[in-house]
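The exercises below are meant to be worked with the sequence and the coordinates side by side. Each task is followed by a solution that proceeds step by step.

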Amino acid sequence: MYISSDIASRIKELCKNKNIIIKDMLVCCGLSKNALSSMLSGGSTPKSENLARIADYLDCSVDYLLGRTDNPDSHKITAHRTQSEIQMAVDRMLDIEMEGYVRLYTAAQSTDNHPEEIIYMRKDRWEQMQQAPETDENFGG
């Protein structure tokens, strides 16, 4: 169970840190100007859709408002995922979208200093190139 006064304290703290006028935020979120005062005095906990609106307005997570995390930016962080895990997820999505293509990695550095670039080529063209003798013509030259 979540304590409304704790939620209100977090909202109040975020507003202060971000120089946001509480009453303006509440009105923009479709809440009464007195909603925070009511929460601070132990009133009812806001509905989930209202918490979501407040979290969006304050650019924090609902989990932070509820006290489930002490990091208001937890919705922005993917620290529990390594770069390679993220790349594997992206690759899986691309595999689905790029069916019928092969993924090739270049050895040269790209213009933005990434160590490699990914190039997609139709599978049938790639297979033709693998069977043909190596010539400049196969590589667009």
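A disulfide is a pair of cysteine sulfur atoms within 2.5 Å, and this cut-off is needed for the first exercise. The model is a predicted one, and every value below is computed from it.

**Exercise 1. Cysteines**

Task: Determine how many disulfides a search of the whole structure finds, and explain why Cys28 is not bonded to Cys29.

Solution: Begin with the search, which covers the whole structure and returns 0 disulfides. Next, take the sulfur of Cys28 and look for the closest cysteine sulfur, which belongs to Cys29 and lies 6.7 Å away, so the separation is too far for a bond. Seen from the other partner, Cys29 is likewise in no disulfide, its nearest cysteine sulfur being that of Cys28 at 6.7 Å. Finally, compare the surroundings of the two residues: Cys28 is exposed, with a relative accessible area of 57%, whereas Cys29 is buried, with a relative accessible area of 4%.

**Exercise 2. Overall architecture**

Task: State how many helices and strands the protein has, in which pattern they follow along the sequence, and what share of the residues is buried.

Solution: Counting the elements gives 7 helices and 2 strands. Reading along the sequence then yields the pattern α-α-α-α-α-α-β-β-α. For burial, take the 141 residues of the protein, of which 23% are buried. As a last step, consider contacts between residues at least 6 apart in sequence, and note that 40% of these join residues at least 24 apart.

**Exercise 3. The two sides of α4**

Task: Identify which residues of α4 are buried, decide how they are placed around the axis, and name what covers them.

Solution: First list the buried residues of the helix, which are Asn50, Leu51, Ile54, Ala55 and Leu58. These residues cover an arc of only 135 degrees around the axis, and therefore they sit on the same side of α4. Turning to the other side of α4, one finds that Ser48 and Asp56 are exposed. The cover over the buried residues of α4 includes α1, α2 and α5.

Then take Asn50 as a single case within helix α4, which spans residues 48-58. Its relative accessibility is 13%, so Asn50 counts as buried, and the side chain of Asn50 makes a polar contact with the side chain of Arg53 at 2.8 Å.

**Exercise 4. Positive phi values**

Task: Establish where Asn19 lies and where Asp59 lies, and decide whether each is buried, partly exposed or exposed.

Solution: It helps to recall that most residues other than glycine have a negative phi. Asn19, which is not glycine, has a positive phi near 55 degrees, and Asn19 is found in the loop between α1 (4-17) and α2 (22-28). With a relative accessibility of 70%, Asn19 counts as exposed.

Asp59 follows α4 and has a positive phi, near 55 degrees. Asp59 belongs to the loop between α4 and α5 (62-66), and with a relative accessible area of 34%, Asp59 is partly exposed.

**Exercise 5. Contacts around α1 and Thr69**

Task: Find which residues contact Ala8, leaving aside its neighbours within four places in sequence, and which contact Thr69 on the same terms.

Solution: Start with Ala8, which has its place in helix α1 and counts as buried at 0% relative accessibility. Once its neighbours within four places in sequence are set aside, Ala8 is in contact with Leu36, Met39 and Leu40. A further step is the separation of Ala8 and Ala35, which are 27 residues apart along the chain while their C-alpha atoms are separated by 9.0 Å.

Move on to Thr69, which lies in the loop between α5 and α6 (83-97). Leaving aside its neighbours within four places in sequence, the contacts of Thr69 are Arg10, Ser61, Asp63, Tyr64 and Ser74. The side chain of Thr69 also reaches the backbone nitrogen of Asn71, at 3.2 Å. Two of those contact partners, Arg10 and Tyr64, can be examined together: Arg10 lies over the face of Tyr64, at 4.4 Å from the ring centre. As for ring-to-ring arrangements, a search of the whole structure finds 0 aromatic pairs.

Notes:
Residues numbered from 1 in each chain as written. Predicted model: local features only at pLDDT ≥ 70, side-chain atom pairs only at ≥ 80, totals over all residues. Heavy atoms only, no water. Buried < 20%, exposed > 50% of the residue type's maximum accessible area, 1.4 Å probe, protein only. Helix = DSSP H or I, 4+ residues; strand = E, 2+ residues; numbered from the N terminus. Polar contact = N/O pair within 3.5 Å; in protein donor to acceptor, adjacent residues only side chain to side chain. Phe/Tyr/Trp six-rings, centres within 6.5 Å; stacked < 30°, edge-to-face > 60°. Lys NZ or Arg CZ within 6 Å of the ring centre and 35° of its normal. Arc of directions from axis to C-beta. Contact = heavy atoms within 4.5 Å.
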